[in-house]
Amino acid sequence: MNTPPVLQLEAIERRYVQGEATLVILNGATLAVWPGESVALIAPSGAGKSTLLHIAGLLEHPDAGEVYIGERATTQLADSERTAIRRSEIGFVYQFHHLLPEFSAIENVMLPQMIRGLGKSEARRRASELLGFLGLAERLNHRPAELSGGEQQRVAIARAVANAPRILLADEPTGNLDPYTANRVFDTLAKLVQATELAAIVATHNLELASRMSRRVTIKDGQVIDLG
Ligand code: ADP
Ligand code: MG
């Protein structure tokens with residue numbers, strides 16, 4: 001490919017010291033993701049999927065190695081700069097939606113935009129467009145508790161991309177959903193990646209859903225292995 005990767009993990013190492021023992025989680029993990037690509041990360045529980053996503057999302061520091069966001073090395077940057085990059089370039093979706101319960105769907109998607117300085121009406125316009133694109137036009141004013149699990153996750157996806165990040169990191173986003181709903185959420189994700197040239201890494205245990213992404217990788221002995 002001619003365009004550079006938008007996210008690059010280079011020889012990442014991460015270990016946890018627990019008393020006498022050192023737990024090596026990532027040991028030279030390397031991965032590059034290009035715009036418009038969705039990468040499924042499939043590995044057993046405890047393999048280091050969340051750790052890898054947290055490091056890719058600049059939420060955690062690696063013990064060694066480098067994380068490039070749009071060709072910019074990030075490990076030596078000040079926390080404030082890492083936070084700024086995270087806010088503008090990276091969106092997160094977790095297994096549990098973490099929506100603010102007292103706010104409506106549209107408000108949950110407006111808030112991150114307003115925190116970044118966008119005016120209320122522009123934030124509302126964009127939130128409404130995004131939620132419509134994700135099939136939630138009729139649910140704008142529902143609170144999270146008034147939405148189904150799949151709808152909640154689609155709102156969480158809309159919120160994650162509200163500030164038009166270039167990278168979307170999803171940590172078992174459908175792990176809590178029934179197969180039919182998981183399917184719909186995955187379709188939504190795929191549609192979004194295609195329409196916006198996002199680069200996505202999605203940790204999942206669902207092989208059928210993973211088969212619909214551009215590429216599949218796993219973590220073995222602390223390294224990222226291509227599954228094709
Ligand atoms: P996965 O998401 O693939 O289930 P994780 O990345 O959450 O795996 O965790 C990988 C391993 O690292 C697990 O064995 C977990 O117990 C361990 N681990 C994660 N975070 C910590 C921590 N803060 N301290 C010690 N061990 C941790
Ligand atoms: Mg995990």
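This is a conversation about a predicted model, covering its ligand shell, two unusual backbone angles and two pockets.

Reader: Which residues surround ligand 1, and what makes a residue count as part of that shell?

Author: The residues around ligand 1 are Tyr16, Gln18, Ile25, Pro44, Ser45, Gly46, Ala47, Gly48, Lys49, Ser50 and Thr51, and a residue is counted when one of its heavy atoms lies within 4 Å of the molecule. By class, the shell holds four nonpolar residues, six polar ones and one charged residue.

Reader: Which elements supply the shell around ligand 1, and which gives the most?

Author: At least two residues each come from β1 (7-18) and α1 (49-56), and α1 gives the most, with three residues.

Reader: What makes the approach of lysine 49 to ligand 1 a polar contact?

Author: A polar side-chain atom of lysine 49 is placed 2.8 Å from an oxygen atom of ligand 1, and since a polar contact is a pair of N or O atoms within 3.5 Å, the pair qualifies. The side chain of serine 50 has a polar atom 2.9 Å from an oxygen atom of ligand 1, and for threonine 51 an N or O atom of the side chain is 2.6 Å from a ligand oxygen, so these pairs also meet the 3.5 Å cut-off. Taken alone, ligand 1 exposes 560 Å², of which the protein buries 63%.

Reader: Why is histidine 98 called exposed, and what is notable about its phi?

Author: Histidine 98 is called exposed because its relative accessibility is 52%, and the class begins over 50%. Its phi is positive, about 55°, although histidine 98 is not a glycine, and the residue lies in the loop between β6 (90-93) and α3 (105-115). As a background to this, most residues other than glycine have a negative phi.

Reader: How do you know whether aspartate 221 is buried or exposed, and where is it found?

Author: Aspartate 221 has a relative accessible area of 65%, and because exposed means over 50% while buried means under 20%, aspartate 221 is exposed. It is found in the loop between β9 (215-220) and β10 (223-226), and its phi, near 50°, is likewise a positive value in a residue other than glycine.

Reader: What makes a residue part of the lining of the largest pocket, and which residues lie nearest its centre?

Author: A lining residue has an atom within 4 Å of a point of the pocket, and 20 residues line the largest pocket, of which Ile90, Pro112, Arg159, Ala160 and Asn163 lie nearest its centre. Two or more lining residues come from each of α2 (79-89), β6, α3 and α5 (149-160), with α3 contributing the largest share, four residues. The volume of this pocket is about 560 Å³, and its lining has eleven nonpolar, five polar and four charged residues.

Reader: How much space lies in the second largest pocket, and which element gives the most to its lining?

Author: The second largest pocket holds about 200 Å³ of space, and its lining includes Arg126, Glu129, Phe133, Arg166 and Leu192. The elements giving two or more residues to that lining are α4 (120-133) and α6 (179-196), and α4 gives the most, with four.

Reader: How do the residues lining the second largest pocket divide by class?

Author: Seven are nonpolar, one is polar and four are charged; Arg126 and Glu129, for example, are in the lining and count as charged, because Arg and Glu belong to that class.

Key: Residues are numbered from 1 along each chain as its sequence is written. Chains are lettered from A and ligands numbered from 1 in the order in which they are written. This is a predicted model: local features need pLDDT of at least 70, side-chain atom pairs count only at pLDDT 80 or more; totals for chains, interfaces and linings use all residues. Side-chain values use heavy atoms; hydrogens and water are left out. A polar contact is a pair of N or O atoms within 3.5 Å; within protein, one must be able to donate a hydrogen and the other to accept it, and residues adjacent in sequence count only if both atoms are side-chain atoms. Accessible areas come from the Shrake-Rupley method with a 1.4 Å probe; for residues, only the protein chains shown count as cover. Buried means under 20% relative accessible area, exposed over 50%, partly exposed in between (1.4 Å probe, protein chains only). On a 1 Å grid over the protein atoms alone, a cavity is a set of points where a 1.4 Å probe fits but cannot get out, and a pocket is an open set with protein on both sides within 12 Å along at least five of seven lines; lining residues have an atom within 4 Å of a point. Grid points are joined across faces, edges and corners, and a volume is the space filled by probe spheres set on the points.
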